[in-house]
Amino acid sequence: KFVNAEVIHIDNRELHNLIEKDIKIVDVRTQNEWKSTGVVKGSFLMSLLNKNKKFIFEDWYKMFNNKFGSSKSIIFICASGVRSNYISHLVQRKKPDLIIYNLQKGINHWIRSGNKISRLSN
């Protein structure tokens with residue numbers, strides 16, 4: 001694992017290890033998804049879709065960079081690993097020095113495997 005690498009795909013076990021190292025998790029699902037399944041404790045919720053249900057990368061990236069611009073590494077998570085993989089590669093092009101992890105099978109697999117989640121309070 002070296003700097004300027006491609007996105008690093010991880011499984012549940014590796015996610016546990018990274019959480020212990022205090023690496024930030026960005027959950028890119030929708031608000032409805034967060035409410036229905038819950039989230040990995042401590043995740044930052046940054047849906048790819050804006051209020052109009054559109055994905056505008058420049059707007060999303062500006063928010064992301066404001067919050068995590070100084071981070072050395074980040075973990076992206078979604079339902080099944082598809083959206084998080086997509087955003088991982090877009091961010092990697094903009095920030096080649098950022099170490100980016102993508103939870104391969106997403107939070108659905110995390111939950112099915114018996115891992116803890118936090119429920120959102122309404």
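Start by selecting R29 and D27 in this predicted model. The two form a salt bridge, and their closest N and O atoms sit 2.9 Å apart. General background helps here: side chains of opposite charge can pair when their charged atoms come close. Now turn on the surface and look for the two partners. R29 is buried, with a relative accessible area of 1%, and D27 is buried as well, at 0%.

How many salt bridges does the model have? The count is three, so keep your selection tool handy for the other two.

Next, pick R83 and E33. Here the closest N and O atoms are 2.7 Å apart, and the pair is a salt bridge. R83 belongs to helix 4 and E33 to helix 2 (residues 31–37), so this bridge ties together parts that are 50 residues apart in sequence. Are these two buried or partly exposed? R83 is partly exposed at 27% relative accessibility, and E33 is partly exposed too, at 22%.

For the third stop, click E58 and K94. They form a salt bridge with the closest N and O atoms 3.4 Å apart. Since E58 lies in helix 3 and K94 in helix 4, this pair ties together parts that are 36 residues apart in sequence. Both ends are partly exposed: E58 has a relative accessible area of 45%, while K94 comes in at 41%.

You've already touched helix 4, so colour it now. Helix 4 has 13 residues and reaches 19 Å from its first C-alpha to its last, close to the 18 Å expected at 1.5 Å a residue. Show the side chains of S84, I87, S88, L90, V91 and Q92: these residues of helix 4 are buried. What covers them? The cover includes helix 3, strand 4 and strand 5 (99–103).

Time to go inside. Select V26, W60, F64, F76, I87 and V91. Within the largest nonpolar core, which has 18 residues, these six touch the most other members. Helix 3 (57–68), strand 4 (73–77) and helix 4 (82–94) each supply at least two residues of this core. Which element gives the most? Helix 3 does, with five residues.

Zoom in on W60 and ask your viewer for its neighbours. Leaving out residues up to four places away in sequence, W60 touches V26, V28, M46, S47, L48, F55, F76, I87 and V91. Then hop over to I10, V40, L103 and I107, which are among the 13 residues of a second, separate core.

Last stop: the rings. There are nine aromatic pairs to hunt for. Try F64 with F76: their ring centres are 5.6 Å apart and their planes meet at 35°, so the pair counts as tilted. Follow the chain between them and you'll see that the pair links distant parts of it, with F64 in helix 3 and F76 in strand 4, twelve residues apart. Hide the surface to see them properly, as F64 and F76 are both buried.

Now widen the selection to F44, F55, F57, W60, Y61, F64, F68, F76 and Y86. Ring pairs link these residues into a cluster. Spot W60, F64 and F76 in that cluster; you selected the three of them earlier in the largest nonpolar core.

Note on methods:
Residues are numbered from 1 along each chain as its sequence is written. This is a predicted model: local features need pLDDT of at least 70, side-chain atom pairs count only at pLDDT 80 or more; totals for chains, interfaces and linings use all residues. Side-chain values use heavy atoms; hydrogens and water are left out. A nonpolar core is a set of buried Ala, Val, Leu, Ile, Met, Phe, Trp, Tyr and Cys residues joined through side-chain atoms within 4.5 Å. Buried means under 20% relative accessible area, exposed over 50%, partly exposed in between (1.4 Å probe, protein chains only). Helices (H or I, at least four residues) and strands (E, at least two) are DSSP runs, numbered from the N terminus. Contact means heavy atoms within 4.5 Å. Rings of Phe, Tyr and Trp (its six-membered ring) pair if their centres lie within 6.5 Å; planes under 30 degrees apart count as stacked, over 60 as edge-to-face and the rest as tilted. A salt bridge is a side-chain nitrogen of Lys or Arg within 4 Å of a carboxyl oxygen of Asp or Glu. The expected span of a helix is 1.5 Å times one less than its number of residues.
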